[in-house]
Amino acid sequence: MKDLLNSWGPTAATFLPLVGMLVLLAIPKTEETLAKVVALVTTTSVFVVVVAMLFEFDYDSTGTMQFALDKSWIEAINARYTIGIDGMSLPLIVLTAFVMPFVVIYSWDHFPEPKNPKVFLTLLLILETGMVGCFVAQDLLLFFVFFEVVLLPMFFLIGVFGGDDRKYASFKFFLYTVFGSAFMIVSILAVYFLYAQNVGDGTGTFSLAALSAWGGEGLAKNTGILIFGGFFLAFGVKVPMFPFHTWLPDAHTQAPTQGSVILAAVLLKLGTYGFIRIAIPLLPEAAKWWAPIIGLLAVIGIIYGALGCLAQTDMKRLIAFSSVAHMGYVMLGIATLTPLGINAAIFGMVAHGLITGMLFFIAGSVKDRFHTLDMSRLGGLLLKAPHMGWLLGFSVMASLGLPGLAGFWGEFPALLAAYSPAEGLSEPVFRTFMVIGAIGTIFAAGYLLWMLQRVAFGRPTEEFEDEHIHDMHLTDYIAWAPFIVMIVVLGVYPQLIFKITDGAVVQSLAAITGN
Amino acid sequence: MLTHAWIIPLIPAISFVLILAIGKKLPRGGSEIGIASVAICFVLALTVAFGWVSRVNDGTPPEGRQSSQSYLITEGHETRPVTEADAEAENGTDAAAHGTEAEATSTDHEAEATESTEATATEDEHGTETSAEGEEGGEEHHATSAVVRDMTWFDSGGFDIRVGTMVDGLSSLMLVVVTLISLLVHVFSTDYVAGDRRYTHYFAFLSLFTASMLFFVLSSSTIQMIVGWELVGLCSFALIGHWWEEKPNSDAALKAFLTNRVGDVGLLCGMIILFFAANGSFDIVRITEMANEGAIRHSLLLIASLSLMTAVMSKSGQFVLHTWLPDAMAGPTPVSALIHAATMVVAGIYMVARLYPVFFEGLSIGTGNINALAIMGSVTLLFGALLAFVQSDIKKVLAYSTISQLGYMVMALGVGAWTAAIFHLFTHAIFKACLFLGSGSLAHHIHSFDMKKDMGGMRKVMPKTYATFLIGTAALMGVPLVTAGFWSKDEILAGAHMLGGGGDGYPFAIVMGLLGAICTCAYMTRAIWYVFFGEPRGKSAEMELHENGPRIVVPLMILAFGSIVAGFVNIPDGSIPWPAKWQLWFEHMVEPTGTYFVATNPDFGHPSFLPWVAVVSFGAIVVGAGAAYLWYWKGLGPHGITERNRFARAGYVVLEKKYGLDILYTDWIAGGVKGPIARAAYWINQNVIDGLVNLVGRTAAKTGQWVYRYVDQGAIDGAVNGSGATASGAGEVLRKTQTGKVQTYGSYLFVGAALLAAVIVVIAS
Amino acid sequence: MLLNQFLVLAAVLFCIGVYGVIARKNGVLVLMSVELILNAVNINLVAFSAMTDSISGQVFALFVIAVAAAEVGVGLAIVLAIFRTHKTVDLDQVDLMKG
């Protein structure tokens with residue numbers, strides 16, 4: 001078992017969805033149930049593989065690459081098929097594999113218009129390959145390929161299955177990301193050739209391990225800063241950081257529920273993951289130069305996202321904007337460049353994935369039932385659909401960072417870390433960020449509770465007073481329960497994630513902390 | 001039992017889950033689970049308290065050790081806490097709770113690999129004792145140190161974040177107070193909210209609140225305090241908004257939560273500062289010890305204590321963040337009694353008391369004669385009391401009274417009278433709960449709290465409520481010698497007079513305290529008049545009223561009884577004849593003597609009984625209550641002055657508008673942020689940033705079109721087409737020469753040849 | 001001055017030939033005029049050959065005579081073909097190559 005996983009685990013997790021997709025393509029369009037079963041089986045088997053790896057994972061050495069595989073891929077440019085999992089990527093892989101089956105289950109009878117399960121599920125499966133691939137890739141070029149693979153299915157999910165304004169939203173999403181990617185590929189090539197020049201004796205490499213070990217030593221300061229800037233643009237767009245965030249509300253608002261869930265739960269994490277996996281270890285010195293800027297944009301994002309939320313009338317758009325604010329905390333944690341902060345950031349990514357995913361599920365179901373998300377027309381959800389109303393309350397509380405639920409452990413340690421950033425970063429600046437971030441929690445409570453009040457409290461508006469609103473379906477229960485359980489479990493016992501990430505984070509920051 | 005205090009919060013937590021899960025199916029809607037769990041908690045709390053008392057009396061710890069980190073490690077993932085070598089562990093209740101616990105919370109699934117690994121594998125009864133970090137060992141100080149037991153919650157970036165319980169006099173007291181009031185409130189509620197639309201949820205949240213509050217008071221680390229602090233806030237939110245169908249209720253709930261969030265910013269910042277000041281530890285003992293030893297820079301302590309004061313300001317309803325508390329009365333009355341009078345609102349007081357060395361050093365309490373904490377308390381106690389005058393809703397009167405009394409406690413902490421503050425917290429919890437439940441009893445049938453419109457003359461129809469309410473009021477006023485309120489308030493005033501730098505006292509505090517006392521007596525006398533005297537008005541006149549049933553009256557009686565006897569636990573010497581053994585018993589038991597408290601600081605003192613203070617405060621009662629008596633009963637005094645005198649009217653308006661703070665917060669700040677500012681930000685988002693993006697997009701598209709039209713189609717293609725056109729144009733001209741006639745061609749040939757020949761000839765020559 | 005007279009004769013012949021090529025309408029006469037030009041060249045070649053006492057001029061003259069014979073063969077065939085299609089040998093009528 002162990003051997004099998006060692007050699008095949010990450011590869012299987014990455015390409016099983018692709019296999020499932022091929023099977024799906026062979027199924028006639030009319031066989032909808034069969035298509036759903038195939039998708040469910042595929043995503044579940046990915047989940048099983050990941051869980052198996054979770055058990056085989058060596059938690060005493062989370063800093064080393066496990067289940068590693070290194071095969072030649074494109075000899076001519078020394079790009080290799082290098083994959084592996086360590087403490088930093090494991091939580092995110094688990095998150096991805098965890099989210100997908102429940103998205104498929106939720107889709108069971110919630111297919112968005114135009115109802116075409118085959119195409120929809122095909123896109124979901126390609127998406128999963130891309131996402132898992134990003135998290136396992138240990139080769140820059142491989143990462144880049146997967147990073148781009150993610151783009152297309154999402155583009156079609158939004159552009160085909162989205163709301164009224166889907167074309168605009170999908171193009172915006174696509175162009176924004178491609179804009180960032182363009183800079184990333186330049187940076188990747190720069191790193192490749194500079195490595196060849198400085199240490200590689202003329203041969204460049206895309207290997208993350210080799211590049212991190214080099215750490216940009218001997219580069220001119222400005223070169224490093226510029227290369228980091230390329231990565232910053234690519235990942236900053238994906239996160240999204242202020243001021244590159246404007247694609248997000250549109251994409252979320254227009255995307256089908258499942259798309260929003262995946263977007264919030266996993267896709268945004270590709271950006272933050274890129275920072276901690278690629279940008280910072282590769283160029284630690286440049287990271288220090290960029291850290292105050294990232295921190296500043298992060299806190300601006302926190303306050304700004306919150307203000308954006310307060311101005312919304314559409315529930316889904318509000319949740320989308322809240323992502324900007326929440327990812328601000330994650331980025332603030334990353335900007336501190338301390339293990340404490342980056343651990344918090346990874347925790348924040350997982351927590352945000354679960355919580356915001358949950359919120360989007362609920363928003364989607366509200367839309368299904370009320371056919372509107374305009375908060376001025378909603379109200380009294382607790383009366384119409386009590387269970388869903390309570391879950392909304394629960395998710396809101398989790399989202400605003402209530403201790404005892406997962407959100408808190410992403411937020412508070414990030415603020416904690418900001419008080420004492422890595423050596424060489426200005427303490428007064430980061431302490432100011434900390435205070436601003438803390439003030440952001442007021443706003444977070446403000447917009448979320450305000451939404452809760454308008455959607456769940458009070459009495460239903462006249463429009464829906466007599467309408468029968470179905471409370472949760474069976475598929476809703478099955479799809480949502482695991483999210484809720486994980487939010488509580490992680491909230492009560494955060495060690496589950498911190499234990500995994502800590503070793504890896506400490507190791508990847510070795511160049512900065514000087515250990 | 002002291003090391004097993006973690007069971008206490010766990011029981012109501014389980015009860016919460018159970019009530020939510022199966023409560024609706026039970027005959028009494030889940031209330032039975034709630035009551036049973038709280039009753040067990042109460043018993044356990046008493047056990048803890050007795051354990052602590054005997055620990056203090058014996059001088060040696062009855063239970064093994066100060067701090068425990070040892071956990072039984074069985075191979076693999078399963079671990080459970082090592083059972084201590086104490087008898088209570090055999091106790092059936094404990095064992096049951098213990099069993100459930102292992103399943104219910106993952107906090108105890110801790111796999112903390114300590115050095116005890118192989119030693120404990122076979123042992124069951126005798127846990128290996130690993131002594132905690134050196135500074136926690138208390139024996140060498142000849143003082144009764146707190147019993148701390150903790151374990152790793154998580155570790156991140158080299159910091160070991162721990163969770164656990166800390167039992168000492170203060171937390172034992174709080175355990176008893178919280179569980180007692182909670183139990184009485186539970187019993188009271190079974191009648192009071194009977195038939196409510198969300199009876200089960202109500203009890204579930206009461207349980208959750210009890211659990212959170214107990215978790216909070218047992219905290220051994222500041223991060224745990226934050227968690228507990230916010231969880232009680234959540235319960236407060238849920239219970240204030242219990243009847244969320246009506247918008248004012250949910251508004252009040254939101255206001256409470258958001259105001260508390262403002263304070264939480266201070267809490268987070270303060271705790272973070274202390275974390276790093278203590279070299280990366282949330283441990284309360286460690287932080288306080290370091291503050292005591294002067295191991296933390298004064299400026300850090302000052303900033304930390306000011307930040308934490310913001311938290312106190314919001315949670316404990318101190319001026320200027322008190323505005324949520326009166327609105328919180330939108331919740332059910334028993335909730336007001338439990339959460340917004342007796343327990344949750346004193347969380348701020350408790351937090352200051354727990355981290356007292358931080359404040360003591362940071363604000364120079366022992367050596368100064370004025371400080372921020374004392375000012376905040378003094379101002380609050382007077383301003384709150386003044387506001388109580390203009391309320392017509394009895395619950396709001398009591399709410400402002402609570403604010404005012406909390407002000408006394410904060411002031412006591414500010415002047416250095418630690419024990420007085422905690423003592424007042426204790427007595428206030430009892431008599432204020434009595435008053436709140438009394439108001440609930442009054443309103444149970446008439447469903448109105450308006451004293452002016454719907455009450456009056458109720459002493460005849462509700463004699464028991466009347467008696468208990470009167471006793472509670474007497475305690476609140478501080479009627480000398482016989483009531484609990486007297487002893488605690490007196491100690492505070494004495495402290496304000498004689499503590500502080502050079503024994504000069506805190507003049508500002510004592511003046512405000514006495515003025516507040518006068519106001520307290522006056523507004524309570526006014527309330528008594530409106531409710532119990534005069535003719536029945538409004539609903540109380542329309543309805544056939546009668547005394548409530550035992551489930552409402554008995555808790556009232558218990559609390560009224562407590563309002564009298566609670567004072568006798570801390571009789572200072574030199575006041576009334578009292579056995580020496582029991583003099584200042586409360587102080588001996590509750591005030592920590594360990595190194596984590598300021599007791600060793602030479603600037604820290606205790607007030608002694610001052611007869612003149614007692615006399616003056618008695619005078620205050622006479623003045624306050626007498627004036628109100630004359631005004632209401634006898635109709636004396638300038639009635640209608642607010643209509644006649646501009647200044648009086650201005651004063652009345654200021655009070656009625658609550659100093660304008662509500663308008664400032666709700667309309668200006670919240671409205672401003674939610675309205676114009678948010679809209680502006682969103683406008684910027686849509687028009688500036690997104691506009692920029694769209695502009696870039698559109699410009700790119702336009703540039704593309706331009707390039708296509710002019711460059712591509714115009715210039716490049718133009719050039720291509722142009723060359724074609726030129727060619728064909730030239731052809732057009734040249735084709736004229738193409739006559740098709742051989743001879744023409746021939747002539748060209750010859751002309752060309754001739755020219756060529758000419759050229760050659762010219763060149764050659 | 002012997003050479004000059006040959007050259008003058010050749011030039012006169014050439015000019016007559018050119019005149020014939022350009023001015024005559026009859027295809028056959030044009031061909032004959034071409035022959036005149038070629039023979040003018042032949043005279044030049046032979047004259048220079050004799051003057052420089054080199055054989056190569058005479059060899060070229062023989063070549064030209066051979067080429068002229070072939071040219072007349074082909075030319076007459078073309079004229080015949082034109083006559084067959086156009087029923088005339090008037091070159092003004094034959095302007096198929098007009099652009």
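At what angle do helix α17 and helix α20 of chain A pack, and how far apart are their axes? In this predicted model, the answer is about 45 degrees, with the axes 6 Å apart. Helix α17 covers residues 406–419 of chain A, while helix α20 takes in residues 474–492 of that chain. Since angles from 65 to 115 degrees count as roughly perpendicular and those under 35 as roughly parallel, the pair ends up oblique because of its angle.

Who does the touching here? On the α17(A) side, the contact comes from A:Ala406, A:Phe408 and A:Trp409. Helix α20(A) answers with A:Ile487, A:Leu490 and A:Gly491. Sorted by class, this little meeting has five nonpolar residues and one polar residue, with no charged ones.

Moving on to the contacts between chains, chain B and chain A come first. Here 44 residues of chain B are in contact with 43 residues of chain A. On the chain B side, the elements that chip in two or more residues are strand β4 (147–156) and helices α7 (222–240), α8 (247–277) and α28 (661–734). Of these, α8(B) gives the largest share, with 14 residues. As for the make-up of this side of chain B, 25 residues are nonpolar, ten are polar and nine are charged.

Then there is chain C, which meets chain B through ten residues, touching ten residues of chain B in turn. The chain C side of this contact breaks down into six nonpolar residues, three charged ones and one polar one.

Terms used
Residues numbered from 1 in each chain as written. Chains lettered and ligands numbered in written order. Predicted model: local features only at pLDDT ≥ 70, side-chain atom pairs only at ≥ 80, totals over all residues. Contact = placed C-beta atoms within 7 Å. Nonpolar A, V, L, I, M, F, W, Y, C, P; charged D, E, K, R; others polar. Axes fitted to C-alpha atoms, helices over the stretch in contact; angles between N-to-C directions. Helix = DSSP H or I, 4+ residues; strand = E, 2+ residues; numbered from the N terminus. Parallel < 35°, antiparallel > 145°, perpendicular 65-115°, else oblique.
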